[in-house]
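Biologist: Could you walk me through this model, and tell me how each term earns its name?

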Amino acid sequence: MTAAAQVACWCVVVAAGRGLRFGGEVPKQYVPIDGRPLLAWTLERLAAQPRIAGLLVVLAEADPYWPDLDKPAGTPLRTATGGTARADSVLAGLAALPDSVRSDDFVLVHDAARPCVRAADIERLIDLGVPAGGGLLAAPLRDTLKRADGEQRVGATEPRDARWRAFTPQLFRRGDLSAALAAARAAGIEATDEAMAMERLGFRPLLVEGADDNIKVTTPADRVLAEFLLRRMARDASATVS
Ligand SMILES: Nc1ccn([C@@H]2O[C@H](COP(=O)(O)OP(=O)(O)OP(=O)(O)O)[C@@H](O)[C@H]2O)c(=O)n1
Ligand SMILES: C[C@](O)(CO)[C@H](O)COP(=O)(O)O
C-alpha cells in the first residue's frame with residue numbers, strides 16, 4: 001500500500017450558491033432529483049467513499065432547508081456559512097475545518113452541484129494527487145473549439161489537444177489553498193476553481209482524468225441529465241451486488 005493509499009481527507013462541500021442560472025424558487029442544491037434534494041445525493045456519494053474522513057458543508061446564511069435534509073450517518077459532518085463568491089465559500093469552509101486537519105494535510109473541495117461524482121475517481125484523485133502535491137478531476141475537451149470574434153462569428157479554431165475541462169473534487173493542502181485563495185481575493189481576482197488560485201502562486205496541479213458524466217447541475221436541463229445518470233448508477237450498483 002502506498003502512502004497516498006492510506007490518506008483519508010476531509011471534504012469541503014460548497015453549497016452556498018444562489019443558482020441564478022438554474023432559476024426557480026428553491027436554490028438548486030435543494031431541488032428534488034427522484035424525490036431527494038440534490039445536496040442529499042451529493043453528500044451520500046461522498047460519505048460512501050471510505051477515503052473521505054469528514055464533510056464540511058458550506059451553506060448560505062440562515063439556510064432554511066438544511067435542518068430537514070436527509071444527512072448521511074456515520075461520517076463526521078460540520079457546517080460553515082458561505083460568502084458572496086464561490087471562492088469565499090471555499091475559504092470559509094477551510095477555516096471551519098476541525099483543528100485535527102493540519103495546515104499541510106490534503107483536503108478535497110467539491111461542488112454540491114456535482115452529485116454524480118464516482119467513488120473510484122475520488123480515490124484516484126487522492127492516490128495520484130497527493131504525491132503530485134495537489135490536483136483536480138478533469139476531462140479532455142472532446143468538441144472542436146471556436147474562438148468568437150466581437151460579432152459572434154468564428155474568429156479562429158483553437159487546437160483542443162491540450163484543453164481540459166475542470167471538475168471537482170479538487171485536492172490541495174489546507175494551508176496552501178487558504179493562502180492561495182486569500183491572495184487571489186486580495187488581488188481582486190475571482191478564482192473560479194481552487195486550481196486557478198494555486199496556479200497563480202506557481203503550483204502545477206495534476207490533471208487527473210475523471211468520468212465525463214461528473215456534471216455540474218447548472219441549468220434545468222442538467223437536472224434531467226443528473227436524474228438519468230443517478231438512476232443508471234443505482235441500477236449498475238444493484239446489478240453488481242446481486
Ligand atoms: N457564493 C457561492 C457560490 C457558489 N457556491 C457553490 O459552488 C458550486 C458551483 O457553483 P455554481 O454551479 O456556479 O452555483 P451557483 O453559484 O449557485 O450558480 P449561479 O452561478 O448560476 O448562480 C455550487 O455547489 C454552489 O452552491 C457557493 O458555495 N457559494
Ligand atoms: C469549480 C468548477 O466546478 C470547475 O468547473 C466551476 O468553475 C464552478 O462553477 P462556476 O460556474 O464558475 O461557479
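**Core, sheet and shells**

Modeller: Sure, starting with the core: the largest nonpolar core has 57 residues, and V12, V13, V58 and V107 have the most contacts inside it. Strand β1 gives the most to this core, 7 residues. Keep in mind that this is a predicted model, where local features need pLDDT of at least 70, side-chain atom pairs count only at pLDDT 80 or more, and totals for chains, interfaces and linings use all residues. Residues are numbered from 1 along each chain as its sequence is written, with chains lettered from A and ligands numbered from 1 in the order in which they are written.

Biologist: What makes a set of residues a nonpolar core?

Modeller: The set holds buried Ala, Val, Leu, Ile, Met, Phe, Trp, Tyr and Cys residues joined through C-beta atoms within 7 Å. Buried means 20 or more other C-beta atoms within 10 Å of a residue's own, with C-beta atoms placed from the backbone. V12 belongs to the core, so V12 meets that burial cut-off.

Biologist: Which residues is V12 in contact with, leaving aside its neighbours within four places in sequence?

Modeller: L56, V58, V90, G93, L94, V107 and V109. Contact means C-beta atoms, placed from the backbone, within 7 Å.

Biologist: Why are β5 and β11 called edge strands?

Modeller: The open sheet runs β5-β4-β1-β6-β10-β7-β11, with mixed pairing. β5 (77-81) and β11 (206-209) each pair on one side only. Strands here are DSSP runs of E, at least two residues, numbered from the N terminus, while helices are runs of H or I, at least four residues.

Biologist: How do you know that β4 and β5 pair?

Modeller: Pairing takes at least two bridges found by DSSP. β4 (residues 52-59) and β5 are joined by 5 bridges and run parallel, so they pair. In that pair, V58 stands opposite A80 in β5.

Biologist: What makes the angle between α4 and β10 about 120 degrees?

Modeller: Axes are lines fitted to C-alpha atoms, for helices over the stretch in contact, and angles run from 0 to 180 degrees between N-to-C directions. Helix α4 (residues 174-186) lies across β6 and β10, at about 120 degrees to β10.

Biologist: Which residues are around ligand 2?

Modeller: R86, D111, A166, F167, T168, T192, D193 and K216. A residue is near a molecule if its C-beta atom, placed from the backbone, lies within 6 Å of it. Strand β10 (residues 164-173) gives the largest share of this shell, 3 residues.

Methods:
Buried ≥ 20, exposed ≤ 12 C-beta atoms within 10 Å, placed from the backbone. Contact = placed C-beta atoms within 7 Å.
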